[in-house]
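Student: I would like to learn how to read salt bridges. Could you walk me through them here?

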Amino acid sequence: MFAHFAMVMDGLVSLIFFGIELAILIVVIIFNRDHPHFWLIVALLALLQLYQLSEFLICIGVNVGFITRMGFVVLTFLPPVGYLLCTRIVKWKFPDYWLGFALALGFSVYFIVDTASIAFVECNPFFATYQSTGVISISPTYDLPISAMYGAFYHSSLLYSIWFLVEHLIWGKDKIENKYAVVMLIGFLAFMVPMLLMVIIFPQYAVAIASILCKYALILAVTLLLFSFMKGKKPLKNAAKI
């Protein structure tokens with residue numbers, strides 16, 4: 001009994017965050033279906049909570065190998081969906097977001113097909129750690145870790161979304177668009193900056209960066225809740241369309 005309790009304690013924060021993010025999603029669905037970016041808000045919230053649920057299941061020992069890989073599939077689509085929302089906010093016409101989705105799909109196929117692509121290491125009540133040993137041979141003497149490629153894709157996507165919003169705020173003139181952009185910029189910065197500072201100050205936590213980042217992303221979920229109540233003076237007729 002004590003061992004079972006300890007396992008549940010290890011996934012407790014993930015379970016709590018899942019519950020909070022689920023509650024946020026329910027509020028958004030009930031009250032803000034007329035928001036012009038409703039479906040993208042829902043998609044981001046769903047991805048955030050699905051990762052928290054997967055981490056809780058991993059920590060209590062439910063089909064650990066499979067759920068670990070599915071958790072990373074969920075995690076992988078967060079940056080491109082977030083960037084897509086940014087492009088919709090500022091009415092960006094060029095479909096460059098497809099590059100992010102293509103890369104996310106490639107990494108997801110890798111996680112699904114290769115059962116050794118990502119391995120769970122351990123849990124504690126606050127976060128989980130994982131390990132990836134996959135490499136791509138660049139030359140006979142050098143192998144590029146896939147984890148480095150994944151990290152570059154993930155963090156550069158988030159940083160580019162931040163820069164994209166900042167650039168729009170500098171040049172944009174639409175007051176409603178700028179208001180949306182400010183809120184989303186605050187949401188991105190509010191969960192990325194604390195994570196970055198934590199890893200700089202305590203570099204030993206870098207091994208758990210995926211899990212820690214998603215814990216801080218609760219701030220993004222709260223921001224999305226606030227954002228969902230910002231609908232402008234005249235909601236769009238086809239508000240629920242992406």
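Tutor: Let us go through the salt bridges one at a time. This is a predicted model, where local features need pLDDT of at least 70, side-chain atom pairs count only at pLDDT 80 or more, and totals for chains, interfaces and linings use all residues. Residues are numbered from 1 along each chain as its sequence is written, and side-chain values use heavy atoms, with hydrogens and water left out.

Student: How many salt bridges are there?

Tutor: A salt bridge is a side-chain nitrogen of Lys or Arg within 4 Å of a carboxyl oxygen of Asp or Glu. By this rule there are three.

Student: Which residue pairs with Glu55?

Tutor: That is Lys215, with 2.4 Å between the closest N and O atoms. The two sit 160 residues apart, Lys215 in helix α9 (residues 209–216) and Glu55 in helix α3. Helices here are DSSP runs (H or I, at least four residues), numbered from the N terminus.

Student: Are Lys215 and Glu55 buried or exposed?

Tutor: Buried means under 20% relative accessible area, exposed over 50%, and partly exposed in between (1.4 Å probe, protein chains only). Lys215 is buried at 10%, and Glu55 is buried at 0%.

Student: What does Glu177 pair with?

Tutor: Glu177 meets Lys91, the closest N and O atoms being 3.3 Å apart. Glu177 belongs to helix α8 (residues 175–201) and Lys91 to the loop between α5 (78–89) and α6 (97–113), so the bridge ties together parts 86 residues apart in sequence. Glu177 is buried at 10%, whereas Lys91 is exposed at 52%.

Student: Where does Asp34 come in?

Tutor: Asp34 forms a salt bridge with Lys231 (3.0 Å, N to O). Asp34 is partly exposed, at 32% relative accessibility.
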